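Me: I'd like a close look at a single part of this one, with what sits around it. Cut-offs included, please, since I'll want to compare them with my own settings.

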Amino acid sequence: MTDSKKKNIKKHELSAEEQAFLQEEMQGIKPLQQTQAVINKKQPLPKKIKQPDFSNNDPEKEEFSDYALCQTVQANDLIDYYQEGMQHSVLAKLKRGKILAEDELDLHGYSIHQAKQQLKQFFDYCQNRQYQCIRIVHGKGKMSQEAPILKNKLNNWLRHSSRVLAFASAPKRFGGAGALHVLIKRKKNNLQDFNPL
């Protein structure tokens with residue numbers, strides 16, 4: 001601050017009324033006894049939590065994992081997913097039913113554990129036959145008190161499966177919101193590219 005600014009600042013003197021008010025408010029307050037400033041020593045950083053290493057896990061065992069959960073969907077919600085790099089036109093064809101399912105798995109009445117086992121076996125079966133599009137019927141879960149259980153599990157499992165290229169709720173004539181059309185990867189030993197027609 002310059003000297004000219006310091007001169008312009010007036011000290012405010014407390015009136016007798018203000019001094020009496022201040023004294024009344026300060027009654028019973030004891031001054032702090034500490035005369036030295038406390039310098040906070042740096043706290044050591046918390047130890048990093050070791051994250052589980054999934055890179056060495058057998059992909060067959062971890063394929064349909066609930067490790068990362070998706071947003072909950074309701075019985076009549078239409079769902080879709082496609083891997084990065086998949087053409088939007090292919091997903092559009094899948095949604096309209098222009099890519100026909102070569103086989104179907106009906107999961108009505110299965111427990112979550114049974115459904116997961118059936119799904120793995122069905123994927124193995126379809127990939128061994130070089131199928132590209134399959135239908136999975138999960139139902140709308142109308143018997144569930146809250147959100148449909150199998151529909152939400154499938155939505156999560158398929159999004160995280162390395163074998164799935166894309167999926168979408170089937171057109172009404174094939175089950176609508178109660179079924180999925182799924183594009184799966186071909187086995188690596190077959191060098192043919194995906195042919196959506």
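Reply: **The sheet and its surroundings**

Met-86 is buried, because its relative accessible area is just 15% (buried means under 20% relative accessible area, exposed over 50%, and partly exposed in between, with a 1.4 Å probe and protein chains only). This is a predicted model, so local features need pLDDT of at least 70 and side-chain atom pairs count only at pLDDT 80 or more, while totals for chains, interfaces and linings use all residues. Residues are numbered from 1 along each chain as its sequence is written, and side-chain values use heavy atoms, with hydrogens and water left out.

Back to Met-86: you'll find it in the loop between S1 and H4 (helices are DSSP runs of H or I with at least four residues, strands are runs of E with at least two, and both are numbered from the N terminus). Its C-alpha is 7.4 Å from that of Leu-165, though 79 residues separate Met-86 and Leu-165 in sequence.

Now for the sheet itself. It's an open one of 5 strands, ordered S1-S4-S5-S3-S2, and the pairing is mixed (two strands pair if DSSP finds at least two bridges between them). S1 (80-82) and S2 (104-106) sit at the edges, each pairing on one side only. From one strand to the next, the twist averages 20°. For context, the protein has 6 helices and 5 strands, and from the N terminus on they run α-α-α-β-α-β-α-β-α-β-β.

S5 (residues 179-184) is the strand to zoom in on. It pairs with S3 (residues 133-137) in the antiparallel sense over 5 bridges. Ile-136 has Leu-180 of S5 as its bridge partner, and Arg-135 has His-181. S4 runs antiparallel to S5 too, with 5 bridges joining them, and there Phe-167 stands opposite Val-182 of S5. Since 6 of the 6 residues of S5 are buried, this strand is largely enclosed by the rest of the structure. Both of its faces are covered: Ala-179, His-181 and Leu-183 are buried on one side, and Leu-180, Val-182 and Ile-184 on the other. As a backdrop, 30% of the protein's 197 residues count as buried.

What lies across these strands? H4 (residues 88-96) does, covering S1, S3, S4 (164-169) and S5, and running at about 45° to S4 (axes are lines fitted to C-alpha atoms, for helices over the stretch in contact, and angles run from 0 to 180 degrees between N-to-C directions). H6 (residues 149-159) also lies across S1, S3, S4 and S5, but its angle to S4 is about 155°.

H6 has a helical partner as well. H5 (residues 112-128) packs against H6 at about 45°, with 11 Å between the axes. That angle makes H5 oblique to H6 (under 35 degrees counts as roughly parallel, over 145 as roughly antiparallel, 65 to 115 as roughly perpendicular, and the rest as oblique). The H5 and H6 crossing is right-handed: in that scheme, the near helix is turned clockwise from the far one, whereas anticlockwise by less than a right angle would be left-handed. On the H5 side, Ile-112, Ala-115, Lys-116, Leu-119 and Phe-123 meet Ile-149, Leu-150, Lys-153, Leu-154, Trp-157 and Leu-158 of H6 (contact means heavy atoms within 4.5 Å).

Ser-161 follows in the loop between H6 and S4. With a relative accessible area of 3%, Ser-161 counts as buried. Setting aside neighbours within four places in sequence, Ser-161 touches Glu-63, Phe-64, Gln-83 and Phe-123. Across the protein, 72% of the contacts between residues at least 6 apart in sequence join residues at least 24 apart.

Last stop, the stretch leading towards S3. Gln-130 lies in the loop between H5 and S3, and its phi is near 60°, a positive value in a residue other than glycine. Most residues other than glycine have a negative phi. The structure holds 2 aromatic pairs. One of them is Tyr-125 with Tyr-131, edge-to-face at 6.3 Å centre to centre and 75° between the planes (rings of Phe, Tyr and Trp, the last by its six-membered ring, pair if their centres lie within 6.5 Å; planes under 30 degrees apart count as stacked, over 60 as edge-to-face, and the rest as tilted). Tyr-125 counts as partly exposed because its relative accessibility is 35%, whereas Tyr-131, at 18%, counts as buried.
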